[in-house]
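User: Please take a close look at how one part of this model is packed, and set that part in the context of its surroundings. I would like one connected account, with cut-offs given for the terms you use.

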Amino acid sequence: MKTSALGLAAALGASLLLVACGGAPAEPGTTRAQTVNALPQGRIAEGEARANVKSAATGQTCLECHGAEGNAPLDPTYPKIGGQYRDYIAHALQAYRSGDRQHALMSNQAADLDDQQIADLAAYFASRPAQIRDLHGVHSIN
Amino acid sequence: MMRPLPIAACLALAFTVHAPAAVAQQTVAGDADNGRMLTYTCVGCHGIEGYKNAYPHYHVPKIGGQSSEFLANALTEYRNGTRKHPTMEVQAQSFSDQDIADIAAFLSSLTQ
């Protein structure tokens with residue numbers, strides 16, 4: 001009896017230490033990485049499927065607002081996200097999820113996404129053709 | 001002694017003058033040629049292929065070809081501090097509504 005109590009105390013201590021160090025394994029669907037580098041590998045096919053799933057909070061899918069392949073926004077205030085950098089899309093979703101960035105629709109849309117879903121969506125939209133570009137060479141004369 | 005009225009009038013004036021636009025002034029027509037001149041600074045981060053933000057570590061986004069409405073909203077939110085990014089908040093501080101409209105007009109005109 002005494003040894004099992006001791007074992008229990010040790011296990012409890014160990015689990016507390018794990019939690020304190022942030023190493024406690026989270027349940028699937030609940031991980032909330034703060035940085036892009038802490039996200040799992042994104043999967044394009046799973047991201048495409050996720051982009052067609054209606055959010056419980058808004059009743060809308062990604063594509064219903066950002067358009068086919070993220071390149072045909074339904075409202076001019078919405079960005080094109082097809083071909084955007086994968087890590088930037090992931091960062092934007094993480095910022096909406098954490099509340100660092102606010103938007104009437106996107107804050108709710110991202111609130112329930114887990115890390116894998118964010119990584120998958122970022123991988124999918126980044127893999128689409130880009131209509132947007134960086135500013136390399138835009139001021140050159142030719 | 002009618003002091004409260006002038007004080008209230010002054011306060012009202014102060015708020016009118018200093019209250020920043022909550023959202024982009026869509027009524028301001030953008031001048032893309034002037035926007036071209038105003039965007040030389042942007043290239044230092046948005047124009048270097050593969051360039052990454054320091055922390056957290058991610059690519060600086062592609063912004064050429066986004067709509068003028070989206071771009072103007074983003075810059076206005078950075079200027080108001082409602083959207084957070086250390087560099088972008090500082091950049092946007094110096095822009096008038098007209099500057100923002102001009103920058104948005106130029107950047108939205110860019111194609112692949």
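Analyst: Among contacts in chain A between residues at least 6 apart in sequence, 70% join residues at least 24 apart, where a contact means C-beta atoms, placed from the backbone, within 7 Å. The corresponding share for chain B, again among contacts between residues at least 6 apart in sequence and again counting partners at least 24 apart, is 73%. The model is a predicted one, in which local features need pLDDT of at least 70 and side-chain atom pairs count only at pLDDT 80 or more, while totals for chains, interfaces and linings use all residues. Residues are numbered from 1 along each chain as its sequence is written, and chains are lettered from A and ligands numbered from 1 in the order in which they are written.

Chain A has 6 helices and 0 strands, these being DSSP runs numbered from the N terminus (H or I, at least four residues, for helices; E, at least two, for strands), and its elements run α-α-α-α-α-α from the N terminus on. Of its 142 residues, 34% count as buried, that is, with 20 or more other C-beta atoms within 10 Å of their own, whereas 12 or fewer would make a residue exposed and a count in between partly exposed.

The part to examine closely is the pair formed by α4(A), residues 86-98, and α6(A), residues 115-127, whose axes come within 8 Å and cross at roughly 140 degrees; the axes are lines fitted to C-alpha atoms over the stretch in contact, with angles from 0 to 180 degrees between N-to-C directions. The two helices are therefore oblique to each other, the class left over once angles under 35 degrees (roughly parallel), over 145 (roughly antiparallel) and 65 to 115 (roughly perpendicular) are set aside. In handedness, α4(A) passes α6(A) in a right-handed crossing, the near helix being turned clockwise from the far one by less than a right angle.

From α4(A), the contact draws on Arg86(A), Ile89(A), Ala90(A), Leu93(A) and Gln94(A), and from α6(A) on Ile118(A), Ala119(A), Leu121(A), Ala122(A), Ala123(A), Phe125(A) and Ala126(A). Sorted by class, the contact of α4(A) with α6(A) has 10 nonpolar, 1 polar and 1 charged residues, with Ala, Val, Leu, Ile, Met, Phe, Trp, Tyr, Cys and Pro taken as nonpolar, Asp, Glu, Lys and Arg as charged, and the others, Gly among them, as polar.

One residue of this pair, Ile118(A), touches Leu39(A), Ala90(A), Leu93(A), Gln94(A) and Leu113(A), when residues up to four places away in sequence are not counted. Ile118(A) also appears, with Ile89(A), Ala90(A), Leu93(A), Leu121(A), Ala122(A) and Phe125(A), among the residues that touch the most other members of the largest nonpolar core, which has 24 residues; such a core is a set of buried Ala, Val, Leu, Ile, Met, Phe, Trp, Tyr and Cys residues joined through C-beta atoms within 7 Å. Both α4 and α6 of chain A supply at least two residues of this core, and its largest share, 8 residues, comes from α6(A). Apart from this core lies another, of 18 residues, which includes Ile63(B), Ala72(B), Ala101(B) and Phe106(B).

A pair in chain B can be set beside the one in chain A: the axes of α4(B), residues 68-80, and α6(B), residues 97-108, likewise come within 8 Å and cross at roughly 140 degrees, and α4(B) passes α6(B) in a right-handed crossing. Here Ser68(B), Leu71(B), Ala72(B), Leu75(B) and Thr76(B) in α4(B) meet Ile100(B), Ala101(B), Ile103(B), Ala104(B), Ala105(B), Leu107(B) and Ser108(B) in α6(B), and the residues of that contact divide into 9 nonpolar, 3 polar and no charged. Between the chains, 25 residues of chain A are in contact with 27 residues of chain B, and the chain A side comprises 10 nonpolar, 9 polar and 6 charged residues.

Two loop residues of chain A complete the picture. Glu69(A), in the loop between α3 and α4, has a positive phi of about 55 degrees although it is not a glycine, and Glu69(A) is buried, with 20 other C-beta atoms within 10 Å. Gln60(A), in the loop between α2 (44-51) and α3 (62-66), is partly exposed, with 14 other C-beta atoms within 10 Å, and the C-alpha atoms of Gln60(A) and Leu105(A), 45 residues apart along the chain, are separated by 9.3 Å.

Conventions:
Contact = placed C-beta atoms within 7 Å.
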